[in-house]
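Visitor: I should be grateful for a close look at one part of this structure, followed outward into its surroundings.

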Amino acid sequence: QSAPKAQVHFIDVGQADAILIVSGGAAVLIDAGTNSAGQSVLDYIKAQGVSKIDFLIGTHPHEDHIGGMPDVMEQFTVKQLYMPTKTTTTKIFQNMVETAQERGVTVTPAKVGDQFTIGDAALTILFPDQEYSDLNNNSVTVQVVLAGKTILFTGDNEEPSEQKLLDMFGATLKSDVFQAGHHGSNTSNTQTFLQAVSPSIVIISCGQDNSYGHPHEEVLERFCQIGATIYRTDQDGTIVLTLDNGVMSVQKGA
């Protein structure tokens, strides 16, 4: 009897983030792209045969991470929305909160050590441990253990928060797959942090010819130095990790 296969989809949403984790008939969505990408995210999720999302995680209230959230809550049954306690006054954030209320979605502040499971996937929240003034450095960080492999998502956390994570967790940050911090920016993905995580695969969610120049050249070099295989949504399209019986395979342009 082989374990049911699980998948992690790094959806190509341009210069934004949207990650769908599917295991044992349940689903988690980490971020939902920009408002304008909302519909394409929904279409993609539906195409995977997903109709309900057990956990929705908004890493931090920037439009390129939560823009599609209202659409997601309107078109799928969402049980719970995790987000940092740090809020903002933007219209898109207010819209997300209001939609959650209208749709009866439980909003849970992300707390360090919170754990939940879907199918064979165990998710643990590692950050933020308190409120930081900078929205990026307040990003919900999640470590996912799935079919014996570990995947780390740090949102847009930058160097100060990476240092905090190192202080708090040290060697337990070690993960097989790392979603590059802040779309591959050099304000994140520090050498010391990458050495602790030491992933064999790095996935970068970024937009073609984006105005920030992400991923930055020196960051790509750091990924190469730790021997990681790099995949990028701007070049490879949507990237799907499939985990089946302890074997992890990567499909590009899904």
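Which residues does Ile53 touch, not counting residues up to four places away in sequence?

Guide: The model is a predicted one. In it, Ile53 touches Ala27, Leu29, Ile45, Val72, Phe76, Thr77, Val78 and Lys79, with residues up to four places away in sequence left out of the count.

These contacts belong to a wider setting. The largest nonpolar core has 31 residues, and those that touch the most other members are Ile45, Ile53, Leu56, Val72, Met73 and Leu81. At least two residues of this core come from each of β2 (19-23), β3 (26-30), α1 (38-47), β4 (52-57), α3 (69-75), β5 (77-83) and α4 (91-103). In soluble globular proteins, nonpolar side chains tend to be buried together. Another core, of 30 residues, lies apart from the one just described; Phe116, Val144, Val177 and Leu243 are among its members.

Strand β4 also leads to a group of aromatic rings. Phe55 lies in β4 and Tyr82 in β5, so their pair ties together parts that are 27 residues apart in sequence. The ring centres of Phe55 and Tyr82 are 6.0 Å apart and the planes stand at 50°, so this pair is tilted. Both Phe55 and Tyr82 are buried. Tyr82 forms a further aromatic pair with Phe116, which is stacked, at 4.8 Å centre to centre and 15° between the planes. Because Tyr82 lies in strand β5 and Phe116 in strand β7, this second pair ties together parts that are 34 residues apart in sequence. Phe116, like Tyr82, is buried. Ring pairs thus link Phe55, Tyr82 and Phe116 into a cluster. The structure holds six aromatic pairs.

Phe116 brings the description to the sheet that contains β7. This open sheet has seven strands, in the order β7-β8-β9-β10-β11-β12-β13, with mixed pairing. Its edge strands, each paired on one side only, are β7 (115-118) and β13 (229-232). On average, neighbouring strands are turned by 20° against each other, direction ignored. Within the sheet, β10 (residues 149-153) and β11 (residues 177-179) run parallel and are joined by three bridges. Ile151 has Val177 as its bridge partner in β11.

Two helices lie across strands of this sheet. Helix α7 (residues 217-225) lies across β12 (201-204) and β13, and runs at about 140° to β13. Helix α5 (residues 159-169) lies across β8 (121-127) and β9 (141-146), and runs at about 115° to β8. In α5, Ser161, Glu162, Leu165 and Leu166 are buried. Seen down the axis of α5, these buried residues fall within an arc of 150°, so they line one face of the helix. They pack against β8, β9 and α6 (191-197). Gly170, with a positive phi near 50°, follows α5.

The loops of this region hold some backbone features as well. Pro128, in the loop between β8 and β9, is joined to Phe127 by a cis peptide bond with omega near 0°. Ala147 is not a glycine, yet its phi is positive, at about 50°; its place is in the loop between β9 and β10. His183, in the loop between β11 and α6, is likewise not a glycine and has a positive phi of about 60°. Ala147 is partly exposed, with a relative accessible area of 32%, whereas His183, at 2% relative accessibility, counts as buried.

Methods. Residues numbered from 1 in each chain as written. Predicted model: local features only at pLDDT ≥ 70, side-chain atom pairs only at ≥ 80, totals over all residues. Heavy atoms only, no water. Pairing = 2+ DSSP bridges. Helix = DSSP H or I, 4+ residues; strand = E, 2+ residues; numbered from the N terminus. Axes fitted to C-alpha atoms, helices over the stretch in contact; angles between N-to-C directions. Contact = heavy atoms within 4.5 Å. Core = buried A, V, L, I, M, F, W, Y, C linked by side-chain atoms within 4.5 Å. Buried < 20%, exposed > 50% of the residue type's maximum accessible area, 1.4 Å probe, protein only. Arc of directions from axis to C-beta. Phe/Tyr/Trp six-rings, centres within 6.5 Å; stacked < 30°, edge-to-face > 60°.
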